[in-house]
Amino acid sequence: MTDDIIEIWTDGACSGNPGPGGWGALIRWNGHEKELYGGDPATTNNRMEMMAVVEALNALKRPSKITLHVDSTYVKDGLTKWIKGWKRNGWKTASKQPVKNQELWMAMDEACKRHDITWKWVKGHNGDEGNERADALARLGTEEARGRK
């Protein structure tokens, strides 16, 4: 691991929920930036929030120290509070229901294992430059998922 902290902002968007959606990520390190985005023609906002984290973490070539900025409490709390209990309970919630989006939770959990992550919640659409960029990328992914570029 390097002493350099990689800053990542992620966001998801959906036009209708469910509907066409997109995810976006902004990665900053040592004065460099990388932008990632993608979409799905039939998805939900939560799934796109999750995909943004998976894709951003998997884009890193080596284990890293990361500050991960998200505006989704669903993603942050899922990975920092709920996932241990879900795994212990066979991927069931406290009310014994199957965990929604289990395959994405598993993919995020696996992607997180390689890194030292500090989670930061940011209020969406509130002027945080990185979050605004990630949101714009997610909207671009949504437009592409609709078939418009």
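A nonpolar core is a set of buried Ala, Val, Leu, Ile, Met, Phe, Trp, Tyr and Cys residues joined through side-chain atoms within 4.5 Å. Buried means under 20% relative accessible area, exposed means over 50%, and partly exposed lies in between (1.4 Å probe, protein chains only).

This is a predicted model: local features need pLDDT of at least 70, side-chain atom pairs count only at pLDDT 80 or more, and totals for chains, interfaces and linings use all residues. Residues are numbered from 1 along each chain as its sequence is written, and side-chain values use heavy atoms, with hydrogens and water left out.

## Confidence

pLDDT is the predictor's confidence in each residue, from 0 to 100. The protein chain averages a pLDDT of 94. In the chain, 97% of the residues score at least 70. Among the elements, strand 4 has the highest mean pLDDT, 98, and helix 2 the lowest, 96. Where pLDDT is low, the predicted coordinates should not be read in detail.

## The core

Helices (H or I, at least four residues) and strands (E, at least two) are DSSP runs, numbered from the N terminus. The largest nonpolar core has 31 residues. Inside it, I8, W105 and W119 have the most contacts. Elements that give two or more residues to this core include strand 1 (5-14), strand 2 (19-29), helix 1 (45-58) and helix 2 (73-88). Strand 4 (65-70), helix 3 (102-113) and strand 5 (116-121) do so too. Helix 1 gives the most, with 7 residues.

Contact means heavy atoms within 4.5 Å. Leaving aside neighbours within four places in sequence, I8 is in contact with L26, I27, A56, L57, L60, I66, T67, L68 and H69.

I27 is found in strand 2. I27 counts as buried because its relative accessibility is 2%. Beyond four places in sequence, the contacts of I27 include I6, I8, L36, A56 and L60. I27 and T10 are 17 residues apart in sequence, and their C-alpha atoms are 8.7 Å apart in space.

## Two helices of the core

The expected span of a helix is 1.5 Å times one less than its number of residues. Helix 1 has 14 residues and should span 20 Å; its end C-alpha atoms are 20 Å apart, so the two values agree. The buried residues of helix 1 are M48, E49, M50, A52, V53, V54, A56 and L57.

Helix 3 has 12 residues. From its first C-alpha to its last, helix 3 reaches 17 Å, close to the 16 Å expected. Where do its buried residues sit around the axis? In helix 3, L104, W105, M108, D109, A111 and C112 are buried. They cover an arc of only 165 degrees around the axis, so they lie on the same side of helix 3. That arc is taken from the directions from the helix axis to the C-beta atoms. The buried residues of helix 3 pack against helix 1, helix 2 and strand 5.

## Aromatic pairs

Rings of Phe, Tyr and Trp (its six-membered ring) pair if their centres lie within 6.5 Å; planes under 30 degrees apart count as stacked, over 60 as edge-to-face and the rest as tilted. A search of the whole structure finds 4 aromatic pairs. Two of them are set out here.

| Pair | Centre to centre | Angle of planes | Type |
|---|---|---|---|
| Y74 and W105 | 5.1 Å | 65 degrees | edge-to-face |
| W86 and W91 | 6.4 Å | 40 degrees | tilted |

Y74 in helix 2 and W105 in helix 3 are 31 residues apart, and their pair links distant parts of the chain. W105 is buried, because its relative accessible area is 0%. W86 and W91 are both buried. Ring pairs link Y74, W82, W86, W91 and W105 into a cluster.

## Three more residues

Is K100 buried or exposed? K100 counts as exposed, because its relative accessibility is 67%. K100 lies in the loop between helix 2 and helix 3. Not counting residues up to four places away in sequence, K100 touches Y74 and W105. K100 and R47 are 53 residues apart in sequence and 9.6 Å apart in space, C-alpha to C-alpha.

T43 is found in strand 3 (residues 32-43). T43 is buried, with a relative accessible area of 2%. Leaving aside neighbours within four places in sequence, T43 is in contact with residues including C14, P18, G21 and M48.

D135 is found in helix 4 (residues 129-145). D135 is buried, with a relative accessible area of 5%. Not counting residues up to four places away in sequence, D135 touches D11 and H125.
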